[in-house]
Amino acid sequence: MRNIFLFLRRYFTFICFVVLQLFALWMLFHYNRFHHAVFLGVANEVTGRVNTQVDKLDDYFHQGAENVRVHRMNDSLLNLLKSNFNYADTAQRNVTDSLRQDSTIAIRRYLWRDAKVVYNTVNAEQNYLQLNRGSKYGIKDDMAVLNSDGSVVGVVVNVSPNFSQVMSLLHVQSSVSASHKATGTLGKVEWDGKDPRFVQLKGIPQNVPVKVGDSVMTSRYSYNFPPAHLIGAISEIKSDPSTGFYLLKVKTAANFSAIQQVFVVENLQREEQLQLTKDTEKKMEEQKNKKR
Amino acid sequence: MSDLVRNTLRLIVFLLVQVFVLNKVPFLHQFIVPYLYFLFILWLPFSINRLGLLVIGFFTGLFLDYFMMSPGLHAAACVLVAYARPFVINLLIPKDKDEFNFREPSPRAMGWAPYSVYVLVLTLLHHFYLTLLEWLQFGTFLQFLIKVAGTTGISLLLIFTTELLFPRKVKFRTNAA
């Protein structure tokens with residue numbers, strides 16, 4: 001017994017070092033985007049406050065570009081107004097209500113909320129953004145985040161009452177369902193951690209005609225993202241002879257180092273879709289067992 | 001200013017500079033990530049005991065981690081640096097402890113050559129461990145080696161610039177303090 005105490009006293013610092021080291025590693029490997037990190041809720045509130053203050057200053061440097069984006073967005077929406085169109089024959093006029101009100105919530109699929117980016121990096125391999133809206137404002141995990149001009153930014157991975165963390169498209173674990181606009185072929189967009197201006201589009205077979213400059217959009221089948229929002233434009237085409245798929249380099253539509261105002265988009269039918277998928281799998285499994 | 005106040009202010013300044021200046025530097029290259037915050041641990045007074053160093057190191061890393069959303073990553077690297085620091089210092093300062101009565105590591109206290117070795121060894125250790133942990137989750141071996149070299153180079157540049165821009169007054173340990 002005495003020897004144990006002597007041992008502990010002799011190597012006390014080393015034992016402390018090992019304990020702290022193991023604790024740090026446990027936190028590191030315990031955390032991934034599906035689990036909430038240790039103490040992150042509290043820490044998020046604190047870092048959020050600090051980031052908000054610094055961001056107030058930082059805003060002035062991006063105001064011009066932001067204004068242009070918002071003005072373009074407004075322009076595209078104004079062009080959709082009904083008053084822009086003339087109807088040749090008033091007797092056959094077919095009026096459709098272009099704006100959905102909340103009373104039609106039964107068929108509303110996507111709900112958009114505004115938010116402001118208070119912290120953002122592009123230099124790391126795992127980049128996150130912090131937004132100034134949290135669960136109090138209705139933000140939940142897995143909501144899509146779009147830039148002020150509608151281009152893809154990322155997915156919400158963690159929320160605290162007043163702030164939320166977003167996994168940027170520039171995150172080596174990020175994977176977004178995408179489609180090649182000209183042909184509608186589906187693939188997925190990932191990032192290799194190298195250059196923050198480019199992401200990779202994978203899973204497009206080589207028999208599809210692809211040109212430099214083609215648009216890459218979010219797909220219709222994504223559970224998070226609303227369809228047909230711009231991810232970027234193809235800038236380089238290589239073919240991978242071993243798989244029969246293209247290796248496509250895509251220039252992102254959003255400039256990730258100057259993101260200011262964003263939209264957080266909720267898919268109101270997400271739960272239902274996921275439930276259906278799960279139920280289907282269960283049903284198929286049961287039928288398979290019945291046959292035997 | 002007492003040691004406690006000075007070092008608390010230093011910690012805040014180092015973290016703010018790291019989070020809001022160095023992390024936001026426009027993208028240069030995949031292998032170049034400017035790190036400076038761990039200089040705080042290198043600048044801590046000689047008089048802190050080894051256990052204290054470990055705890056301070058852990059929390060320094062943890063604070064940065066919560067800003068960067070990587071809980072544990074920098075904390076692990078900082079604990080390692082804090083643990084290795086006394087060994088490196090013991091090798092580099094004069095054996096005769098009575099004549100050596102400076103308060104904290106600095107080029108003037110230790111001399112430029114030993115101080116450079118001290119900074120080089122601990123910086124390399126920090127980046128090696130940090131990049132190793134990142135590499136376990138992502139990347140290739142060659143990328144790992146180049147990244148260690150690249151980040152160490154840029155960190156050394158930053159550290160020596162800091163030393164030249166902000167020369168600290170040589171403070172002596174006195175009985176009155």
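## A walk through chains A and B

Start by selecting A:Leu146 and A:Val152: these two residues stand opposite each other, with A:Val152 sitting in strand 4 of chain A. Keep in mind as you look around that this is a predicted model.

**Stop 1: strand 3 of chain A**

Now select residues 144–147 of chain A, which make up strand 3. Is this strand covered on its faces, and which residues are buried there? Both faces are covered: A:Ala144 and A:Leu146 are buried on one side, and A:Val145 and A:Asn147 are buried on the other.

Next, add residues 152–159 to your selection to bring in strand 4 of chain A. Strands 3 and 4 of chain A pair in the antiparallel sense, over 3 bridges. Follow the chain from one strand to the other and you pass through a hairpin with 4 residues between the strands. Click on A:Gly150 in this hairpin, where phi is positive, near 90°.

Strand 3 of chain A has another partner to show. Select residues 261–267 of chain A for strand 12, which pairs with strand 3 in the antiparallel sense over 4 bridges. To find your way between them, pick A:Asn147 and look for A:Val262 in strand 12, which stands opposite.

**Stop 2: where chain A touches chain B**

Show both chains together. How many residues does each chain bring to the contact? Chain A brings 30 and chain B brings 28. On the side of chain A, the elements giving two or more residues are helix 2 (12–30), helix 3 (40–58) and strand 2 (126–131). Helix 2 of chain A gives the most, with 9 residues. Colour this side of chain A by class and you will find 18 nonpolar, 9 polar and 3 charged residues.

**Stop 3: two helices across the contact**

Select helix 2 of chain A along with residues 50–68 of chain B, which form helix 3 of that chain. Their axes come within 9 Å and cross at roughly 10°. Angles under 35 degrees count as roughly parallel, so helix 2 of chain A is roughly parallel to helix 3 of chain B.

Turn on the side chains here. From helix 2 of chain A, look for A:Thr13, A:Cys16, A:Phe17, A:Leu20 and A:Ala24; they meet B:Arg50, B:Leu51, B:Leu54 and B:Phe58 in helix 3 of chain B. By class, this helix contact has 7 nonpolar, 1 polar and 1 charged residues.

**Last stop: confidence**

Finally, colour chain B by pLDDT. Its mean is 86, and 90% of its residues reach 70 or more. Compare helix 5 of chain B (residues 107–110), where confidence is lowest at a mean of 82, with helix 2 of chain B (residues 39–42), where it is highest at 92. The model as a whole scores ipTM 0.81 and pTM 0.77.

Definitions and conventions: Residues are numbered from 1 along each chain as its sequence is written. Chains are lettered from A and ligands numbered from 1 in the order in which they are written. This is a predicted model: local features need pLDDT of at least 70, side-chain atom pairs count only at pLDDT 80 or more; totals for chains, interfaces and linings use all residues. A residue is buried if 20 or more other C-beta atoms lie within 10 Å of its own, exposed if 12 or fewer, and partly exposed in between; C-beta atoms are placed from the backbone. Two strands pair if DSSP finds at least two bridges between them. Two residues are in contact if their C-beta atoms, placed from the backbone, lie within 7 Å. Ala, Val, Leu, Ile, Met, Phe, Trp, Tyr, Cys and Pro count as nonpolar, Asp, Glu, Lys and Arg as charged, and the others, Gly among them, as polar. Axes are lines fitted to C-alpha atoms, for helices over the stretch in contact, and angles run from 0 to 180 degrees between N-to-C directions. Angles under 35 degrees count as roughly parallel, over 145 as roughly antiparallel, 65 to 115 as roughly perpendicular and the rest as oblique. pLDDT is the predictor's confidence in each residue, from 0 to 100.
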